[in-house]
Amino acid sequence: MDEPAGDEGLVARAQAGDRAAFAALINRHYEFIYRVGYKWLGNQADAEDVAQNVCIKLATAIMGFDGRSKLTSWLYRLTINAAHDYRRVQKRQSKKAEALASETSDAIDPDQSTHLENEDLWRAVRALPDKQRDAVLLVYAEELNHAEAAVVMGCKEATVSWYIHEAKKALKGAV
């Protein structure tokens, strides 16, 4: 997952107050931010809200980006934190994140059945404790290796492996 050429220059210009550079960064990375939010929340409307919140926060947060990591690693962390915040707000307000309106029929074809099983699995993953969910989504949904996931999560590679192990144990009984 190589960083697109030119991000460093755009970041420096955005940090100096260049609005066009900031807009270019948003345009370049919005779909990435949205996709990460969607994988964490599993709902299009929630992911859109999170992506918009990240873009708003990015206006001030960009000043804190020091370039020690890749911009995408930093955006992962920013987006994951925004998704966690969004969930906490939802829980406090006692709103449900997902409303499942599925049609049930006696005859479910195999493709539909597989799709439903996958949805059940990802729903169970999203219900895991935060660190376990983050590790599973980074490794299995984002296809990062444990070392890359550790950078995003701000922990050691062995810790990511432990979170994955614990998540697998929890998911065995859940799905």
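**Chatting through a predicted model**

Tutor: Let's start with Gly6, which sits in the segment before α1. Helices here are DSSP runs of H or I with at least four residues, and strands are runs of E with at least two, numbered from the N terminus. Residues are numbered from 1 along each chain as its sequence is written. This is a predicted model, so local features need pLDDT of at least 70, side-chain atom pairs count only at pLDDT 80 or more, and totals for chains, interfaces and linings use all residues.

Student: Is Gly6 buried, exposed or partly exposed?

Tutor: Gly6 is partly exposed, at a relative accessible area of 37%. Buried means under 20% relative accessible area, exposed means over 50%, and partly exposed is in between, with a 1.4 Å probe and protein chains only.

Student: And how far is Gly6 from Leu25?

Tutor: Their C-alpha atoms are separated by 9.6 Å, and the two residues are 19 apart along the chain.

Student: Leu25 rings a bell. Which residues line the largest cavity?

Tutor: Leu25 is one of them, along with His29, Leu58, Ile62, Leu71, Trp74 and Leu75. A cavity is a set of points, on a 1 Å grid over the protein atoms alone, where a 1.4 Å probe fits but cannot get out, and lining residues have an atom within 4 Å of a point.

Student: How many cavities of 30 Å³ or more are there?

Tutor: The count is one cavity of 30 Å³ or more. The largest cavity holds about 40 Å³ of space. Grid points are joined across faces, edges and corners, and the volume is the space filled by probe spheres set on the points.

Student: Which helix gives the largest share of that lining?

Tutor: That is α4, with three residues. Both α2 (19–41) and α4 (71–92) supply at least two residues each. By type, the lining has six nonpolar residues, one polar and no charged. Ala, Val, Leu, Ile, Met, Phe, Trp, Tyr, Cys and Pro count as nonpolar, Asp, Glu, Lys and Arg as charged, and the others, Gly among them, as polar.

Student: Switching to charges: how many salt bridges?

Tutor: There are ten salt bridges, each a side-chain nitrogen of Lys or Arg within 4 Å of a carboxyl oxygen of Asp or Glu. One joins Arg28 to Asp7, with the closest N and O atoms 2.7 Å apart. That pair links distant parts of the chain, since Arg28 is in α2 and Asp7 is in α1 (residues 7–15), 21 residues apart.

Student: Are Arg28 and Asp7 buried or exposed?

Tutor: Asp7 is buried at 0% relative accessible area, while Arg28 is partly exposed at 36%.

Student: What about Asp130 and Arg133?

Tutor: Their side chains meet in a salt bridge, 2.7 Å from N to O. Both lie in α6 (residues 130–141), three residues apart, about one turn of the helix. Arg133 is buried at 2%, and Asp130 is partly exposed at 34%.

Student: Which residues are linked in a network?

Tutor: Arg35, Lys39 and Glu142 are linked in a network of salt bridges.

Student: Last topic, how many aromatic pairs?

Tutor: Four. Rings of Phe, Tyr and Trp (its six-membered ring) pair if their centres lie within 6.5 Å; planes under 30 degrees apart are stacked, over 60 edge-to-face, and the rest tilted. For Phe32 and Tyr76, the ring centres are 4.9 Å apart and the planes lie at 70°, so this pair is edge-to-face. Phe32 is in α2 and Tyr76 in α4, so the pair ties together parts 44 residues apart in sequence. Both Phe32 and Tyr76 are buried.

Note on methods:
Heavy atoms only, no water. 1 Å grid on protein atoms, 1.4 Å probe; cavity = no way out; pocket = protein on both sides within 12 Å on 5 of 7 lines; lining within 4 Å.
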